[in-house]
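Work through the exercises below with the structure open. Each task is followed by its solution.

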Amino acid sequence: MNIDKLIKTKKAKVAVIGLGYVGLPLAMEIVNGGFSVVGIDVEKKKVNRINRGSSPVLDVSDDILKNALNSKRFSSTTDYSILKKADIITICVPTPLRKTRDPDISYIIAAINNVKNFIRKGQLIILESTTYPGTTRELIKPTLESSGLKAGKDFFLAFSPERIDPGNKEFTTKNTPKVVGGISPKCTKIAALFYSQFIDSVTEVSNSDSAEMVKLLENTFRSVNIGLVNEMALICDKLGINVWEVIDAAATKPFGFMPFYPGPGLGGHCIPIDPHYLSWKLKELNFNARFIELAGEVNSHMPEFVISKITDSLNIRNKSVKGAKVLIIGVSYKRDINDMRESPALDIIGILDEKGAKISYYDPYIPSFTLKGKKYKSKNLTPNEIKNADCVVITTNHSCIDYEKVVKHSKLIVDTRNALKNFKRNRKKIVLL
């Protein structure tokens, strides 16, 4: 039976490589679409946890995972040899940046080399990991073709950018439109057919390069606009104007304006990273992506701006940062998730620690973490804990936090997220970004 019929009859066996924030939700939707799925991950502890029915990802509940396991149509393993039985392989591995801001595609390369060892005729292989334009065509295609099989003829190859927004209850894997581009029209059609079995809407583009570029445009758009509004926060601070009030008022315009909001910096697996993939690629072509570089510069400066706010606010109260007790509220990179990747809170904590502050933190989603060899454990957000702090810094505005209690018992609050916008009567001890 050819791949088209296997997909239409739901008899195609699917492998998802990488069971993180992208791969595990994708695997669950494929199972819900009627397919049998095996997940592959290099982390043995994660695989064991998943097979016990305990989800490491907030967007996949334990109940959803257990239902998939009980259906006998999902399991996970560290053994790549299972790919011999797979008709469709999707790759959802991390693509971080190196310290030099160059792309680190080592996870992609490792996954592709494992796929190459078990590739066979008729398979559909799709990369979802964010990368620079040309990766699928210039790197993955030749690697897989070194097996002796030809892409577009013997096997099918495509790119489809992940569009996961962790913690978003409204837009999930299923109802977020999927973009697909193959290295040939036939590859695009087959990949689109596969996704259409379990995702509400699929958009085809002309090739894999365009599909790769779509993801980078989406996140560069956000990075640049966040950079703009972060600079606006710096400008408003100089002018003594409330930037949050300005943004809210501008957002009343029904056309020509889209509100973005300032913050302590960029975090997560996309916005702080993806634009640099494009910038790096363009440097190879002797082109300077000025908007990307400038936005990155502004956004990366925001933790230092927060530190200046903390320092100045303590100084006004005759308190030095050195020796000051600082309580950080929220260390995940965005509200209501347990993901700390690239979190600006970590930069702020690191700088405060270097300046001699005594740091504690509260985050219901992050029970503990280690930073520069120092172990931190989340405190209970009690009135005494708040009272003992010389300064409370809200770096992540989780919806479950009792902000009324925070305001009532604190001496000083630096609010980087406008979480306390409704506490206007307490403005004397609240410092906004």
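**Exercise 1. Which residues lie nearest the centre of the second largest pocket?**

Solution. Val93, Pro94, Thr95, Pro96 and Arg341 lie nearest its centre, within a lining of 36 residues. A pocket here is an open set of points on a 1 Å grid over the protein atoms alone, where a 1.4 Å probe fits, with protein on both sides within 12 Å along at least five of seven lines; lining residues have an atom within 4 Å of a point. Next, the volume: about 830 Å³, the space filled by probe spheres set on the points, which are joined across faces, edges and corners. Helix 5 (residues 106-118) gives the largest share of this lining, four residues. Helices are DSSP runs (H or I, at least four residues) and strands likewise (E, at least two), numbered from the N terminus.

The model is predicted: local features need pLDDT of at least 70, side-chain atom pairs count only at pLDDT 80 or more, and totals for chains, interfaces and linings use all residues. Residues are numbered from 1 along each chain as its sequence is written, and side-chain values use heavy atoms, without hydrogens and water.

**Exercise 2. Place Thr130: is Thr130 buried or exposed?**

Solution. Start with the loop between strand 5 (124-127) and helix 6 (135-145), where Thr130 is found. Its relative accessible area is 5%. Thr130 is therefore buried (under 20%; exposed is over 50%, partly exposed in between; 1.4 Å probe, protein chains only). Then list contacts (heavy atoms within 4.5 Å). Beyond four places in sequence, Thr130 touches Thr95, Glu162, Lys215, Leu216, Asp274 and Tyr277.
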